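Me: I would like to understand the words used for this structure. Could you take me through them one at a time?

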Amino acid sequence: MIWADLVVTGVAEAATLARGPVPRRRAAAGELSTIPDAAVAVAGGRFVYVGSERGMGRTVRLRAGGRKVDAAGGTLVPGFVDAHTHALFAGDRAFELDLKARGMSYPEIARRGGGILSTVRATRRSSREQLVQESSQRLLAMARSGTTSVEVKTGYSLTARGEIGLLRLIPLLAERTGLRIVPTFLAAHAIPPEYSGRPDAYIDRLIRTALPVVARENLARFVDVFCEPGFFSVHSSERLLRAAAGLGLGTKIHADEFVRSGGARLAARRGARSADHLLAANSDDFRALAAAGVTAVVLPVTAFASAAGRRSPARELVDAGVPVALGTDCSPSTWVESMPLAISLAVHGGRLSPAEALTAATVNAAHASGLEDAGTVEVGRPADFSLFPIPTANHIGYRFDVRPSLVFRQGNAISSRTLRQ
Ligand code: NIG
Ligand code: FE
């Protein structure tokens, strides 16, 4: 007999994503491993039963004081893993929209006082409490949309000390929001004003003084770089990532977002955990990523919102055999907290099937984020899952921005959580 603190019944379909090697590629990316008329049971924050409702009655007992939830014919899916966010910032850039609406490009907006450096000024000026408060609100909005794990990048302080300070806030954000957060060090997000015209001097400073602290104190899981003309060259990016890997840190690259400049090929050459964006990458790049086993993180909301009206090459990546993961890219430039919206745009603009998009948002995003025990519903795994008021999991990609009725992280409902001070 298995004793549980939580049982969920009345699930018309559970998409467990449980079967197959990780990350999922090609046909395997469309396999959700669904269970009809399902039930799950949780004890100590982990799944202890995942199967048919009929089968549960024989094996599981609810402890006195335990919780019973009726999903009322809805769908159960793993908690989403948002594999790429810049959620740690202060202020906003609402003023950029008038410029964007008139067709101004991202670099032009940056030249007019907008862009990353504008958020760097706001973040540097902000108090620690204000920054934590604003970022926590965004993370809680993510949780209400069904996200239970999220990668969060630094990148809006742009000094060695300030960027390390941002990393130190991440455990506090996790504690306040109940989310599992994967920290990524993106000090090479833009060339700081103090190093204008000297990007390599900044990279040297990061390599000499910041990375050793990040590695020694285990402050980040990954190091990322914005590899793009006007930001960091392939050569500078490679120096930084080689140093990071030498210290045992994982690597990611903002690759070929605006211009095809060699970011994806660098990711393949270095065996990075992921190459992200890829809006300007081509089929040669996709082949290189597939051969190197690098996961592509697609960010279809950013593509949708770009002045150039681009689309994520999600379909082409899956067809080329690249494992595809999904993120919101929540940032002051594309302020979006909803993985269901990212999933719908991966389907409608990125041309993934709803099942492929759900795989990208769960098990493959967990892989891209270095979380090997997240993104599936399986006995023994953390009980991170959501209940959606829809008949099948495919409706998440079919409808736009559908919201869960309940979200659980380690078996605790977090969707109604209010911010803890
Ligand atoms: O992923 N590309 C670089 N960074 C972000 C945008 C950051 C910003 O504009 O503040 C991105 O789109
Ligand atoms: Fe990004």
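Reply: Happy to! A donor here is an N, O or S atom within 2.8 Å of the metal. Please keep in mind that this is a predicted model.

Me: What makes H84, H86, H254 and D329 donors to the iron ion (ligand 2)?

Reply: Set the distances against the cut-off. The iron ion (ligand 2) is coordinated through NE2 of H84, H86 and H254 and through OD of D329, at 2.1 to 2.5 Å. The limit is 2.8 Å, so these atoms count as donors. Along the sequence the donor residues follow the spacing H-x1-H-x167-H-x74-D. One pair links distant parts of the chain: H254 sits in strand β9 (residues 250–255), while D329 is in the loop between β12 (324–326) and α13 (339–348), 75 residues apart.

Me: Why is H254 called buried?

Reply: Buried means under 20% relative accessible area. H254 has 2% relative accessibility, so H254 counts as buried.

Me: And why does D329 count as buried?

Reply: The reasoning is alike: D329 is at 5% relative accessibility, and therefore counts as buried.

Me: How do you know that Y106 makes a polar contact with ligand 1?

Reply: A polar contact needs a pair of N or O atoms within 3.5 Å. An N or O atom in the side chain of Y106 is 2.5 Å from an oxygen atom of ligand 1, so the pair meets the definition. Y156 also has a polar side-chain atom 2.6 Å from an oxygen atom of the ligand, and for H189 the distance is 2.9 Å, to a nitrogen atom of ligand 1. The protein buries 99% of the 320 Å² that ligand 1 exposes when taken alone.

Me: Which residues are closest to ligand 1, and what kinds of residue make up the shell around it?

Reply: Of the 15 residues that surround ligand 1, the closest are R93, Y106, Y156, E257 and H277. The shell divides into 5 nonpolar, 7 polar and 3 charged residues.

Me: How do you know that strand β13 pairs with strand β4 and strand β14?

Reply: Two strands pair if there are at least two bridges between them. Strand β4 (residues 60–78) and β13 have 4 bridges, and β13 and strand β14 (residues 406–409) have 3, so both count as pairs. Each pairing is antiparallel. V77 stands opposite S386 in β13, and L387 is opposite L406 in β14.

Me: Where do the side chains of β13 point?

Reply: In β13 (residues 385–388), F385 and L387 point one way and S386 and F388 the other way; all are buried. In a regular strand, side chains alternate between the two faces of the sheet.

How values were computed
Residues numbered from 1 in each chain as written. Chains lettered and ligands numbered in written order. Predicted model: local features only at pLDDT ≥ 70, side-chain atom pairs only at ≥ 80, totals over all residues. Heavy atoms only, no water. Near = heavy atom within 4 Å. Polar contact = N/O pair within 3.5 Å; in protein donor to acceptor, adjacent residues only side chain to side chain. Areas by Shrake-Rupley, 256 points an atom, 1.4 Å probe, with all protein chains shown as cover. Nonpolar A, V, L, I, M, F, W, Y, C, P; charged D, E, K, R; others polar. Buried < 20%, exposed > 50% of the residue type's maximum accessible area, 1.4 Å probe, protein only. Helix = DSSP H or I, 4+ residues; strand = E, 2+ residues; numbered from the N terminus. Donors = N, O, S within 2.8 Å, 3.2 Å for Na, K, Ca; no water.
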